[in-house]
Amino acid sequence: MDFPWVRFNRVHLPRQRQPSSPPLLSIFILSATALSYEVLLIRLFSIIHWHHFAFMVISIALLGYGASGSLITVFREKLLANYNTVFVANILLFGMTSISCFIIVQQLPFNTLEILWDSSQWQRLLLSYLLLTLPFFFVANAFALTMMRYHQHIPLLYGVDLIGAGSGALSVMVLLQMFSAETTLSILAISGLSAGVFALSMLNFRQKRVTASLLLLAVFAILLLPQQWLKLQLSEYKGLAQTLLIKDTSLLFSHSSPVSQIDVVSSPLVPFRYAPGLSLQSPGGPPEQLAVFRDGDEMNAIDAAEDINSGDKSTLEYYDYMTSALPYHVHSSAQTAPKNTLILNSATGSQILQAALYDIPHIDAVEPDEQLSRLITEQYADYFGWQNLQHKTTIHTISPRGFAAAEKHYDIVVSGPSGASAGGAAGVHALSASYDYTVEAIQSYLKLLAPDGLLSITLWTSTPARDNLKLLATAVRAMKLNGITRPENNIAWIRSWNTATLLLKNTALTAAEISKVRDFSLSRSFDLAWLPGIRPDEVNRFQLLQQPVFYLTAQSIFSNAKLPDNQKSFIDSYKYDIHPATDNRPYFNNFFKWSSLEEFLSLPGRAGISMIGVGYPTLLVTLLQAAVAAFVLILLPLFFKRVQTDNSRGRRRNIIFYFFAIGLAFLFIELAFIQKFTLILSQPLYAVAVALCAFLIFSGMGSLYVQHRIRTAAAATVAALLRRSVMLIGLITVLYIIVLPLISGTIMALPEAMRILSAFILAAPLAFFMGMPYSLGLASVQQSTPELVPWAWGINGCASVLSAILAVLLAIHIGFNGVMLCAVALYIIAWLSNITNQAAP
């Protein structure tokens, strides 16, 4: 029984120059450039907006591929009759739209912060979505038509496509190391056009001259584009954009990498005053500072601390009046002074200077972004006073979680606050997975402490309070899992007007330490939020809140076990979701709660809307628009394709179940692995590139294995192969859910190259078997009811477009392990549809 992977009807082709072999080099270049462009868009979104929107970019690419398939299904004969010219035309259009569509999108005044109350922002988001789909639509046309035209070479074409895609995922990382994101965009556009040069042999003399002229003209147009057109237009509400509006500010230094865009700004007229949580009792303020922005936001500062090279620490005294100074004062009550300090996410060195103020003999600083560290050790070393610090300070370029896997112990471990974000209070970071403040993270930090060691975490405060309340809930869960039965005795918590510091200890705080906390807070007008033996009249004294929510939250968490079954705890009844964040649900900055939506919307004016946060609603809007676009561009054109037999109409339901289920399932697992790899690799862009590369290559190998096996296989063999692949997908997925948390710490401690290799290897077996169900299903449909192949393709494409966004939405509520288990259930549903057993004899 013959089961061809894909079978195409013969069409009459007019006389054209027909090369004996497919344009493999052009396909390779197109595939590499398309995937590079997809990864680059993720990086560009990080800089322009507050989030990389990886889920949306993947959905955009899949929409382009799905829409292409539906269009070609309807107009196949006409397009194939003019394959040579259509192929080259799509290459030209891909190269031009890859840069022109992005330029147009930048001109659209889309503002994430206004999406809840300005309906025009929805329209701009949809227009951006559709415009960025065009380049992928054109490149997909070139791929699909080539596979139709040279269907006898499909395995070869598929292999070249996969190798090209894998190369693209790696090459864009290299390009971003060498060039800015804007320059990389131009390089990729020209790279796409270069694929047309290698396809010129397919054309006749006249077509060759015209095409060569157009390609040359397009390259010159890209090279001569005004730099202002390509310059990234940051959201006007981002910190860098706002700062550059101040008179006499100047951009001193700028550096781009795959990890971040770093900008250093000076402001001689209006001095920067970056001093998180500085008490109003401080006798002095910060010295001269340079502002440092990461991806246009998250402002940190470099202090002019060159005086410490001569032993003068007067410029650092203001650090003693921040809430983050608490652990140094508390530990001074111990019998021995702190011998060492670990600083997590040291950024531009503020916490290093604070530790130096207290004469800590050895400082380990952990910063995953090497460029931030190089600012204070190279570019601005003299300005920062690095010469006097380098003998006792070691900077480690690794993630905090990776460093925490090392078997070292510290008297003081310090984290935060992170850089000041202009959009943080509006919820722009709600969709960003953060593994620094999960239950598992705090567990690992606590294990770094020496016997009398202190863990100090400082966060910015927000109104209404959210972040710090979730941090306490997360910390208490971590302490209990570490075997601390009475965490209320091991915690001190204070707050200032814009920061709060949580102090954790593996043993109970002593009377002397408790006294130190009280004295430190009272002398600097900081409010106590929690302390063993705290009295209600001690809280909410200086920075007055309508309710002492910090204290009430702590009281609720520590007395939760004593509540009656019918009484809600303070956390459950709070207007925001402040339940602990975990590695499975790492959305620490997401506080959206459906039960509070009606109350927020009932508030007068826009007050309630502003309290909702824009992150979660943006995800919902994107999902809705993706659903509409997928239906209109993928499914709707297929209604013009006639279905010929009654038998085929009877099979539609099973085909819908099968291909919709595996379309959702594949991306569910792929998106879950992107997030798992974000923890291992510490950078979202690395995780996206490695996951896409691994899943493309190994799932492609699985599809090719299917093509080899079913060439002469019977229908029963095909059904058995599907059953085995689904069983193995389920088994491996469940195994990964159990095993990955156990080995992640070991992998995170490895060098970067080894971490990337480990992630690649981890994805291989699962991706290989995930490549089988689609090919098996498509082969069965092709053999029994070939007229329904376009429907199978379209339904799968529609599901894939939705699944990239739906996976994130589900992960917020049920975690990525839940998303992976949903994928397993969907694969089982696909198998139960019995599609491979319905092949006609």
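Helices here are DSSP runs of at least four residues, numbered from the N terminus. With that in hand, let us walk through this structure, which is a predicted model.

We can start on the surface. Trp 122, Leu 126, Leu 130, Leu 624, Val 628, Phe 631, Val 632, Leu 633, Leu 636 and Phe 639 come together there as a nonpolar patch, and their accessible area adds up to about 840 Å². Two elements, helix H5 (119-149) and helix H23 (615-635), each supply two or more residues to the patch. Of the contributors, H23 gives the most, with five residues. If you would like a spot to look for on that helix, Val 628 lies in H23.

Next, turn to the sheets. In general, the strands of a sheet pair through backbone hydrogen bonds, in either a parallel or an antiparallel way. One open sheet in this model has four strands in the order S1-S2-S3-S4, with antiparallel pairing. Strand S1 (250-256) and strand S4 (297-303) stand at its edges; each has a single partner strand, so one side of each has no neighbour in the sheet. From one strand to the next, the twist of this sheet averages 20 degrees. Look now at strand S2 (residues 261-266) and strand S3 (residues 289-294), which are joined in the antiparallel sense by four bridges. Asp 263, for example, has Phe 293 in S3 as its bridge partner.

Another open sheet contains eight strands, in the order S7-S6-S5-S8-S9-S11-S10-S12, and its pairing is mixed. Its edge strands are strand S7 (393-396) and strand S12 (527-530), each pairing on one side only. Here the twist from one strand to the next averages 20 degrees. Within this sheet, strand S5 (residues 340-344) and strand S6 (residues 362-366) run parallel and are joined by five bridges. You can find Thr 341 and then its bridge partner in S6, Ile 363.

Finally, let us visit the aromatic rings. A pair of such rings is described by the distance of the centres and the angle of the planes. Counting pairs with ring centres within 6.5 Å, the model has 28 aromatic pairs. Take Tyr 83 and Tyr 150: their ring centres are 5.9 Å apart and their planes meet at 80 degrees, so this pair is edge-to-face. The two residues are 67 residues apart and link distant parts of the chain, with Tyr 83 in helix H4 (residues 83-107) and Tyr 150 in the loop between H5 and helix H6 (154-178). Are these residues buried or exposed? Tyr 83 has 1% relative accessibility, so Tyr 83 counts as buried. Tyr 150, at 1% relative accessibility, counts as buried too. Elsewhere, Phe 666, Phe 673, Phe 677, Phe 695 and Tyr 736 make up one aromatic cluster.

Key: Residues are numbered from 1 along each chain as its sequence is written. This is a predicted model: local features need pLDDT of at least 70, side-chain atom pairs count only at pLDDT 80 or more; totals for chains, interfaces and linings use all residues. Side-chain values use heavy atoms; hydrogens and water are left out. Two strands pair if DSSP finds at least two bridges between them. Axes are lines fitted to C-alpha atoms, for helices over the stretch in contact, and angles run from 0 to 180 degrees between N-to-C directions. Patches are made of residues with over 30% relative accessible area and no salt bridge: like charges are joined within 9 Å, nonpolar side chains (Val, Leu, Ile, Met, Phe, Trp, Tyr) within 5 Å. Accessible areas come from the Shrake-Rupley method with a 1.4 Å probe; for residues, only the protein chains shown count as cover. A salt bridge is a side-chain nitrogen of Lys or Arg within 4 Å of a carboxyl oxygen of Asp or Glu. Rings of Phe, Tyr and Trp (its six-membered ring) pair if their centres lie within 6.5 Å; planes under 30 degrees apart count as stacked, over 60 as edge-to-face and the rest as tilted. Buried means under 20% relative accessible area, exposed over 50%, partly exposed in between (1.4 Å probe, protein chains only).
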